[in-house]
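Q: I would like a close look at a single part of this model. Please start from one residue and work outwards to what surrounds it.

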Amino acid sequence: MSRDDPTTLADTPLQPGAVDLMAGLATTRAIRRYRDEPIPERDLRDILFAATRGPSGSNRQPFRFVVLRDGPKAREAKRLIGEQARKLWGAKRQNDGYDQGSGVQEDSPKARMARVMQTYVDQFESVPVLILPCLVRYRAPNPMEGASVYPAVQNLLLGARALGYGGVITGFHAAAEADLKALLGIPEEVFIAATVTLGRPQGGHGPVRRRPMQELVFEEGWEQPPAWAVDPPGIRHTSAGPPKRRTG
Ligand SMILES: Cc1cc2nc3c(=O)[nH]c(=O)nc-3n(C[C@H](O)[C@H](O)[C@H](O)COP(=O)(O)O)c2cc1C
């Protein structure tokens, strides 16, 4: 679907996903390396359709998505967020000891992660699509309010995965929030909930690695894992958080 002809999208059905839902969610990883390809409008429509199917309290639908591609404001928003991304990653790289311990070995997971992150922030301005999921606040901030926007954000990532795209949620916009609001005309009461970058992955998709289910699922009480909460075959695990400084 070309950029010049978006009107026919109203007659174009949603396309089927390339992966089954369970396989898709088991392989929806954080993707930070993109091919230099725009996302066609039909795909964008389908991905944002998935996002806008997210749940929210009383179905108020307070989520909004500001899509930024390659227009003048998009370029400026990417620059503003890219600057913050480089600052934040620079500090994290140092604080979390990415260049210490196993980080000095080029082929260690830690060093690989540092390389991916560095390239991601260095090339932030050229991400194919940047999306700002927002929450229109209708009452004072409260701990539950994110639940009316973040499920929609995960739907967005799953919709992208279904069509062979990948993305990542970041908090890089936070320090640039005032500038972004001014640039994009986002009202004061609106909370910019995340920055999501999207594109066709340079590498593969999954699999997602997490802790064993036995550490995460309880029944009938805290830290009481039920016998049925075991990972399916072939699942590899990972511990939580950034690299541990001492073990390297
Ligand atoms: C609330 C939240 C904040 C995040 N912030 C950032 C961020 O600022 N920068 C970034 O590169 N990734 C960010 N991420 C992505 C996480 O690092 C990623 O989801 C996590 O490491 C799991 O990655 P995986 O699904 O590939 O295993 C964030 C994710 C969430 C849910």
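Leaving aside neighbours within four places in sequence, which residues is Leu163 in contact with?

A: This is a predicted model. Beyond four places in sequence, Leu163 contacts Gly17, Ala18, Asp43, Asp46 and Ile47. Leu163 sits in the loop that runs between α5 (150–162) and β3 (166–170). Despite the loop setting, Leu163 is buried: 21 other C-beta atoms lie within 10 Å, and the cut-off for burial is 20 or more. One partner is remote in sequence. Asp43 is 120 residues away from Leu163 along the chain, yet their C-alpha atoms are separated by 7.3 Å.

Take the partner side next. Asp43, Asp46 and Ile47 are among the buried residues of α2. The others in that set are Leu44, Ala50 and Ala51. These buried residues cover an arc of only 165 degrees around the axis, so they lie on the same side of α2. They pack against β1 and α5. The helix itself has the expected length: twelve residues at 1.5 Å each should span 16 Å, and the end C-alpha atoms of α2 are 16 Å apart, which agrees.

Now the helix before the loop. α5 has 13 residues. From first C-alpha to last, α5 reaches 18 Å, close to the 18 Å expected at 1.5 Å a residue. Its buried residues are Ala152, Val153, Asn155, Leu156, Leu157, Gly159, Ala160, Arg161 and Ala162. Note that Asn155 and Arg161 are in this buried set. The cover over these residues includes helices α1 (21–25) and α2 (41–52). Strands contribute too: β1 (63–68), β2 (129–136), β3 and β5 (195–199) are included. After α5 comes Gly164, with a positive phi near 85 degrees.

From α5, move to the strand β5. Val196 lies in this strand. Val196 counts as buried, with 23 C-beta neighbours inside 10 Å. Not counting residues up to four places away in sequence, Val196 touches Val153 and Leu156; both belong to the buried residues of α5. Val196 also touches Ile131, Pro133, Gly167, Val168 and Ile169. Gly167 is 29 residues from Val196 along the chain, and their C-alpha atoms are separated by 6.5 Å.

Two of those contacts lead to the ligand. Val168 and Ile169 touch Val196, and both are among the residues around the ligand. Thr170, Gly171 and Phe172 are also around the ligand, together with Arg29, Ala30, Arg32, Val208 and Arg209. By type, this shell divides into five nonpolar, two polar and three charged residues. The shell also meets the domain boundary. Domain 1 covers 12–207 and domain 2 covers 208–238, so Val208 and Arg209 of the shell fall in domain 2 by the automatic or database assignment. The centres of the two domains, taken over C-alpha atoms, are separated by 27 Å.

One more helix offers a contrast in packing. The 14 residues of α4 (residues 109–122) should span 20 Å at 1.5 Å a residue, and the end C-alpha atoms are 20 Å apart, which agrees. The buried residues of α4 are Lys110, Tyr120 and Val121. They cover an arc of only 90 degrees around the axis, which puts them on the same side of α4. Those buried residues pack against α3 (72–95).

Back to the starting point. Leu163 is a buried loop residue, in contact with Asp43, Asp46 and Ile47 among others.

Note on methods: Residues numbered from 1 in each chain as written. Predicted model: local features only at pLDDT ≥ 70, side-chain atom pairs only at ≥ 80, totals over all residues. Near = placed C-beta within 6 Å. Nonpolar A, V, L, I, M, F, W, Y, C, P; charged D, E, K, R; others polar. Helix = DSSP H or I, 4+ residues; strand = E, 2+ residues; numbered from the N terminus. Expected span 1.5 Å × (residues − 1). Buried ≥ 20, exposed ≤ 12 C-beta atoms within 10 Å, placed from the backbone. Arc of directions from axis to C-beta. Contact = placed C-beta atoms within 7 Å.
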